[in-house]
Amino acid sequence: MPSRVSSPSLSEQFYCNDGSSVSSMSSRRPLYDHSSMSCRSSTSQDCSHPNFSFPLPPSQPTSSSRGRGLRSKPSKPTLTKTLSPPQPTHRSRAASFGKRPRPHATPVVPSHDEIPFPVSYEDAWAGSRYGESVVADGRTDLDRARIFITRFMAMSSNNPWVNAELRDILINRELCRSVAHVVWAVMHRVFGNRHADFGVTPLVQAMRFILIKANIPAEVDVCEKARQVVDFFFDPTLHRNLEPLPCEELVVYKYPVGRLRVCIVGGGPTGLASAISLAEKGGGKIEVHVWERRWVRDERTGEVGYPPTARRRDQVVTLQDSVTDLLTPKSFQALFAGRPERVWPGSANIQIRKVEDRFLKRCQDDDLRGLIHLHAEGVTREELKNGKCGDFHVLLGTDGAASWVRRDYFRGYEKERGRSYALGLAFDRGSAGGLPWSQPLNMFLTLGQTRYLLNASDHDGKGYLNMQLTEDEWHKMVGVDGEPVHFGSPGCLRREDGSIPEGFTEDRVFKPSEHRDSSLWKSIEDGLKLFGFKESEVINVVRIPIVVQAVREGVQQLPLEDSRFVRRPHALVAVAGDAAMTVHFWPGRGLNSGIKAGIAFGDELVHALNRGEFAGLPLSSMKHYNDFILKLQDREHDKRSIPILNQSGTPETLEWLLKQASSVPDNVAIDWLVGAMTQIADRLEQREDWYFKPEINVEAQIRIVLRQMHSLTLREMAVSFPWPTREMAGAEVLPCRSAKPEPPETCKKAEQRWLQQLWGIISKEPSVERRPRLPGSASGGSNGRFEAPRFTVPTLRSKSSSPKLRNGGFVDEKPRPPMPMGHPLMAQQGMGLGASSGSPPGSLRRSNASKKGGSISSLPVPSEFGVAEAGAMGARQRSVSVNTPGGQGQEAGSEGGLTRLMSVKRQPNQTMLCEAMALALFGVGE
């Protein structure tokens, strides 16, 4: 502990050759005359800013005003000292440090990471003229700090209350144990631990000078009080300098910026990704606090995690390589544990709960300790207003689609683009492991229609099956108690013996599963059959509202009534992930967008902090992040979510399409589905980033799978149509500061592909009629990643201009939802539909099967499809009878029935198929 200075030593003068007392200083000119301060530039000839010079001994006069406040060359002091002050790390206001500028010379303006002080501060601290040699006088930094503050009080006599507080601090030995203790006492007793504004006062500059000279910023890792005073007086939101700058010579030091505090509400994948990004890139300048109510803290180890009873998100998501490449190597390794599961091209599948677990563990790694603070409790707005989160500069809401941060702080800044409904079935195959079908086949079945969606992991056999719902089906998604099934209170299916799964009650049994003849349950049952799952593998059932919405601005200023515990005039509030924008999860990108937003938030916040743009805490400091959020919204909404909604995603559109399904002939629906799926298989397998080996007998496998399903389900799948991937294609929106440049070889290949496509377009004559391509044939020169068969709508009207169809055709005059852009029937080219001929028979291959081979005939058709179903099933009557092209209904078990249609056969006539589909969709009203 440094030696203490007795009270009489406080009356000593800065210069050893001056014996005047402290009381004599009261008659001298004040150090800072606040009434004379103005905003005029320090470069003005008529500078009204006071001269920042401590009073000099009588034997050392000051220079005239001709030098603009600069003192003339001093005479040699009587006593020479050898204790020199710490040298500034940067130049002085003169052209080079240590040289006095000539009168009227253009001053050097400090940069954003520099802080200037009057040279008289140096003289006062060292006890001699700055730049002259000094001798050791036995004074410690604490002694010099106390004398410096004493002189400051004498020169700032216009504020008696502040001087009284400073005097009490200096005579209190408990508060003067170290320089950090003295400045800490000033922070609490004079400033009240809060800045009234973002400007700089003379006292703030004096405290900053003391901290720098005593080298307190170097002690922040070992002394908590040092950490607190550095964060307070070097707050990154405070301005660096007085305005205007003093009109005398300046010395410039490196600005030891304090930490920026970020409070994150919500500990999901987006919140954790944001925290990791801030901690990894902040260089120790950012302190992150994450609040999540689902966590618990282990009292033994102190680590934070999820309790076994927590409701977790079991969905499997697809993380794009372009997103995971933004992560640092440590975070990438932590996310996939060195084993990414490749499924879709250029991506990897992973369960959301695994993302949460692994990112949470990454936050507690040794290299991030002290930078990320995890709080196992939630936060509401009232708790925030009452100081639960303490002080922070930026509040980030990552609390999901039902975000209270967005609701309370972005009111009036929300916009809804569309709405849809879906069912979610979480499954776990347990000891069976793996998936029933191979992942390539699962992809072909998924992309060929938009009624069902599968995202699953072949590593552990876990995943999620989704089904789009109509308004009527949405309201039927309840338990036997009549309460909706949702993530907070999911439903379940009975076991085969009629018992209730563990963790559920009788009230939570999914009601449609108790009425197995209902249309909704038949659709769910067929969805399980489509991908080969059993009811016993389903672990819960939920309904999922899909609201495509976003905020118009991603950053706002925190209201003043919520800033009472913030130590500055205001704070900023931002949103990310689902709190900023929700997307339709059929095309995905929800978690991808959240991680990108979290990384972009860290990038832009660190960039603004390093450039000093947080001074004054303006909204413009987060402008680049706000721009990124708006660009991301445009990309994900306009190019992904909206095309799905336009095609079949809205409840109204889906309901209208499903009503028309009963009029579509079975063979038309079947050939449409098989044709779409086989063409998608061709396109995917030709991609350079396709991870799997080519599938054998794809068409045969697809037909065997579809053979198990009800006739009406197949027609419903057909009218939902394949994914509008052409509209979804395009460049990704990525955080530019984290995006890695493409390797030269990748860029060259992309350029060659683009040139080949361009040449193919230019070289073809528009007058030449193109031959329709079979669905199973190879494709080339497509802008989309995967595409469904496209063909032109045949002209069914007569030469008359009447909207009525002739020759027995009818037009449905009721209003219907508009047909989507890029609809297969509205395309301008391609007539392929149906299956290609000559495909060899094969067996349905399972990814975890021990045997391969066999024939199509070896897979028996379930006996339940051989008889007609009895009883009404709502508005959409299900039947196993098959409508042949001639209009004759046939039993599924008879010749030419459903089983025969599911076999590999000759491609049907193009004109007949197109007319039948168009008539079913547009000409069924009577």
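Colleague: How many helices and strands are there in the protein?
Modeller: Keep in mind that we're looking at a predicted model. Counting up the secondary structure of the protein gives 25 helices and 19 strands.

Colleague: And what share of the residues counts as buried?
Modeller: The exposed surface comes to about 40,100 Å², with carbon and sulfur atoms supplying 52% of it. As for burial, the protein has 926 residues, and the share that counts as buried is 54%.

Colleague: Among contacts between residues at least 6 apart in sequence, what percentage joins residues at least 24 apart?
Modeller: Take the contacts in the protein between residues at least 6 apart in sequence. The part of them joining residues at least 24 apart is 80%.

Colleague: Let's go to H1. Which elements do its buried residues pack against?
Modeller: Helix H1 spans residues 119-126 and is mostly covered, with eight of its eight residues buried. Among them are Tyr121, Trp125 and the charged-letter pair Glu122 and Asp123. The buried residues of H1 pack against strand S1 (114-118), helix H2 (141-155), helix H5 (202-213) and strand S2 (250-254).Colleague: H2 and H5 then: are they roughly parallel or antiparallel to each other?
Modeller: Their axes are 10 Å apart, and the helices pack at an angle of about 165 degrees. Angles over 145 count as roughly antiparallel. H2 and H5 are therefore roughly antiparallel.

Colleague: Which residues of H2 make that contact with H5?
Modeller: H2 passes H5 in a right-handed crossing. On the H5 side, the contact is made by Pro202, Leu203, Ala206, Met207, Phe209, Ile210 and Lys213. On the H2 side, it's Asp141, Ala145, Phe148, Ile149 and Phe152.

Colleague: Where does Val182 lie, and which residues is it in contact with, leaving aside neighbours within four places in sequence?
Modeller: Val182 lies in helix H4, and at 1% relative accessibility it counts as buried. Its C-alpha atom is separated by 10.0 Å from that of Ile149, 33 residues apart along the chain. Leaving aside the neighbours within four places, Val182 is in contact with Leu142, Ile149, Ile169, Leu175 and Cys176.

Colleague: Is Asn193 buried or exposed?
Modeller: Asn193 is found in the loop between helix H4 (179-189) and H5. Its phi is near 60 degrees, a positive value in a residue other than glycine. The cut-off for buried is under 20% relative accessible area. Asn193 has 16%, so the verdict is buried.

Colleague: Where does Asn697 lie?
Modeller: Asn697 also has a positive phi, near 55 degrees, in a residue other than glycine. Most residues other than glycine have a negative phi. As for its place, Asn697 lies in the loop between helix H19 (666-685) and helix H20 (698-707).

Colleague: What is omega for the peptide bond from Glu243 to Pro244?
Modeller: Pro244 has its place in the loop between helix H6 (224-233) and S2. Most peptide bonds are trans. The bond from Glu243 to Pro244 is cis, with omega near -5 degrees.

Colleague: On to the sheet. Which strands stand at the edges?
Modeller: Five strands form an open sheet with antiparallel pairing, in the order S12-S13-S11-S14-S17. The edge strands each have a single partner strand, so one side of each is left without a neighbour in the sheet; they are S12 and S17 (581-582).

Colleague: How many bridges join S11 to S13?
Modeller: S13 (residues 462-469) has seven of its eight residues buried, so it is largely enclosed by the rest of the structure. One of its pairings involves Leu425, whose bridge partner in S13 is Leu465. S11 (residues 414-428) and S13 run antiparallel, and the number of bridges joining them is eight.

Colleague: Which residue in S13 stands opposite Tyr452?
Modeller: S12 (residues 452-456) runs antiparallel to S13, joined by five bridges. Leu453 stands opposite Asn466. For Tyr452, the residue opposite in S13 is Met467.

Colleague: Which residue takes a positive phi in the hairpin of S12 and S13?
Modeller: That hairpin has five residues between the strands. The positive phi is near 70 degrees, and the residue that takes it is Gly461.

How values were computed. Residues numbered from 1 in each chain as written. Predicted model: local features only at pLDDT ≥ 70, side-chain atom pairs only at ≥ 80, totals over all residues. Heavy atoms only, no water. Helix = DSSP H or I, 4+ residues; strand = E, 2+ residues; numbered from the N terminus. Buried < 20%, exposed > 50% of the residue type's maximum accessible area, 1.4 Å probe, protein only. Contact = heavy atoms within 4.5 Å. Areas by Shrake-Rupley, 256 points an atom, 1.4 Å probe, with all protein chains shown as cover. Pairing = 2+ DSSP bridges. Axes fitted to C-alpha atoms, helices over the stretch in contact; angles between N-to-C directions. Parallel < 35°, antiparallel > 145°, perpendicular 65-115°, else oblique. Left-handed = near helix turned anticlockwise from the far one by under 90°.
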